[in-house]
Amino acid sequence: MEGPFNRKPGFPDRSTWPTRRTAVGIILGAPLLGACSGGGGQIFGPSGSDGPPGPQQQPLAVGAGNVKVGLILPLSAAGNAGVAAQSMKNAAEMALAEFQSPNIQLLIKDDGGTPQGAQQAAQAALGEGVEIILGPLFAGSVPAAAQLARARGVPVIAFSTDSSIAGRGVYLLSFLPESDVNRIVDYSAGIGKRSFAALLPDNAYGNVVEAAFKQAAGRKGRIVAFEKYTADRAGAARTVAQSLGSADALFIADDGESVVAVADALTAAGANLRNIQMLGTGLWDNSRVYASPVLQGGLYAAPDPSGFRAFSGRYRAKFGADPVRTATLVYDAVALVAALSKQGSNRFAPETLTNASGFSGIDGLFRFRSDGTNERGLAVMKVASGGSALVAGSPKSFGA
């Protein structure tokens with residue numbers, strides 16, 4: 001879906017995914033994030049929200065632990081950005097409340113959704129002695145905060161999906177499209193699909209997906225047709241439709257409305273999509289996709305929805321409203337640092353954060369790579385009328 005976090009042209013937004021999608025305890029080695037037992041967001045681009053911001057919110061300290069942790073969010077940003085930030089702040093407080101005896105104090109700073117605000121927020125947090133910074137939310141704000149944090153040797157766990165800003169002490173805890181692509185291509189190859197066709201948008205999101213898809217498909221099989229489209233999808237659809245006879249899987253990665261439009265363009269070009277396995281990414285978790293007759297039976301990678309459902313239930317009980325989809329990112333980040341705070345002087349060192357076993361949070365298994373990006377253990381879902389069905393669960397370990 002399109003939204004205010006779609007700051008680079010064509011990069012879809014998961015921030016306001018509906019609550020269709022776990023609760024947490026973190027045990028290092030096979031870490032389980034959070035506190036209780038129980039049971040997606042593209043945020044990509046250089047700037048914050050559209051429109052004038054609201055009044056800047058005052059800094060807030062939550063918790064009384066010895067380890068200080070900064071949390072930078074665009075709380076006073078206009079529109080949906082500010083709404084999402086408030087939901088993420090709620091999730092942070094919820095994580096602290098649910099984690100047993102957390103030894104952290106969370107210093108919440110408002111950056112207004114701008115790089116300048118992020119720099120000021122980071123400077124204030126560092127001045128108060130934080131050992132790690134969570135956030136910012138927008139890609140353009142992350143380098144502004146990270147520049148100051150690096151000078152102090154303080155790591156940053158940000159929530160952007162722009163992989164180009166990762167590295168050198170910046171780790172991304174977000175839904176990266178590369179994980180979706182790798183999971184769905186690996187799964188489809190496992191059920192015998194080795195010849196791939198693909199239709200991708202000619203934009204920033206499509207470029208990221210293209211690189212991941214070509215690598216994954218080349219590793220598991222071959223690509224027999226590949227096209228990118230702009231607003232006029234008909235030409236690319238005709239070209240791919242002519243080659244589908246030699247393909248046994250068709251990959252389309254875009255937001256829900258666009259996926260349906262591409263499928264309709266393929267049908268108009270003479271393609272019989274019922275004779276080929278349709279594949280997609282987590283952006284297929286959309287009511288428009290579920291309602292499309294030609295996309296029924298299509299497969300896509302996404303977090304196991306049971307985790308978010310359990311989280312949403314607890315969030316609604318506490319705050320009386322539904323969380324935004326990206327609220328789980330902040331919950332998991334706070335739960336992670338609360339757990340790591342018990343690990344001693346190297347608690348936030350690179351070797352600790354990039355633990356090869358990873359961590360298990362609301363959206364399942366994840367781990368940080370040394371380059372600052374992340375890898376997620378995702379489920380495989382099938383498009384069904386009125387919703388989705390679980391086809392393959394998320395892995396229990398990265399070694400499986």
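This passage walks through a few local features of a predicted model, going from a helix and its surroundings to a sheet and then to a pocket.

A good place to start is helix H3, which covers residues 142–152. Its buried residues are Val-142, Ala-144, Ala-145, Ala-146 and Ala-149. These buried residues pack against quite a list of elements: helix H2 (115–127), plus the strands S2 (67–73), S4 (132–134), S5 (156–158) and S6 (170–172). The backbone does something worth a look on either side of H3. In the loop between S4 and H3 sits Pro-136, and the peptide bond joining Gly-135 to Pro-136 is cis, with omega at about 0°. Just after H3 comes Gly-153, whose phi is positive at about 70°.

Glycine isn't needed for a positive phi here, though. Ser-101 has one of about 50°, and its place is in the loop between helix H1 (79–98) and strand S3 (104–110). Arg-168 has a positive phi too, near 55°, and is found in the loop between S5 and S6. As for surroundings, exposed means over 50% relative accessible area, so Ser-101 counts as exposed at 66%. Arg-168, with 67%, is exposed as well.

Further along the chain there is an open sheet of 7 strands, in the order S8-S7-S9-S10-S11-S15-S16, and its pairing is mixed. At the edges stand S8 (222–229) and S16 (387–392); each has a single partner strand, so one side of each is left without a neighbour in the sheet. On average, neighbouring strands of this sheet are turned by 25° against each other, ignoring direction. One pairing to pick out is that of S9 (residues 249–252) with S10 (residues 277–280): the two run parallel and are joined by 3 bridges. Within this pairing, Phe-251 has Leu-279 of S10 as its bridge partner.

That leaves the second largest pocket, with a volume of about 290 Å³. Its lining is made up of 14 residues, and those nearest the centre are Arg-183, Asp-186, Glu-375, Arg-376 and Phe-398. Two elements give two or more residues to this lining, namely helix H4 (177–190) and strand S14 (374–376). H4 gives the most, with 4 residues. Sorted by character, the lining of this pocket has 6 charged residues, 4 polar ones and 4 nonpolar ones.

Key: Residues are numbered from 1 along each chain as its sequence is written. This is a predicted model: local features need pLDDT of at least 70, side-chain atom pairs count only at pLDDT 80 or more; totals for chains, interfaces and linings use all residues. Side-chain values use heavy atoms; hydrogens and water are left out. Buried means under 20% relative accessible area, exposed over 50%, partly exposed in between (1.4 Å probe, protein chains only). Contact means heavy atoms within 4.5 Å. On a 1 Å grid over the protein atoms alone, a cavity is a set of points where a 1.4 Å probe fits but cannot get out, and a pocket is an open set with protein on both sides within 12 Å along at least five of seven lines; lining residues have an atom within 4 Å of a point. Grid points are joined across faces, edges and corners, and a volume is the space filled by probe spheres set on the points. Ala, Val, Leu, Ile, Met, Phe, Trp, Tyr, Cys and Pro count as nonpolar, Asp, Glu, Lys and Arg as charged, and the others, Gly among them, as polar. Two strands pair if DSSP finds at least two bridges between them. Axes are lines fitted to C-alpha atoms, for helices over the stretch in contact, and angles run from 0 to 180 degrees between N-to-C directions.
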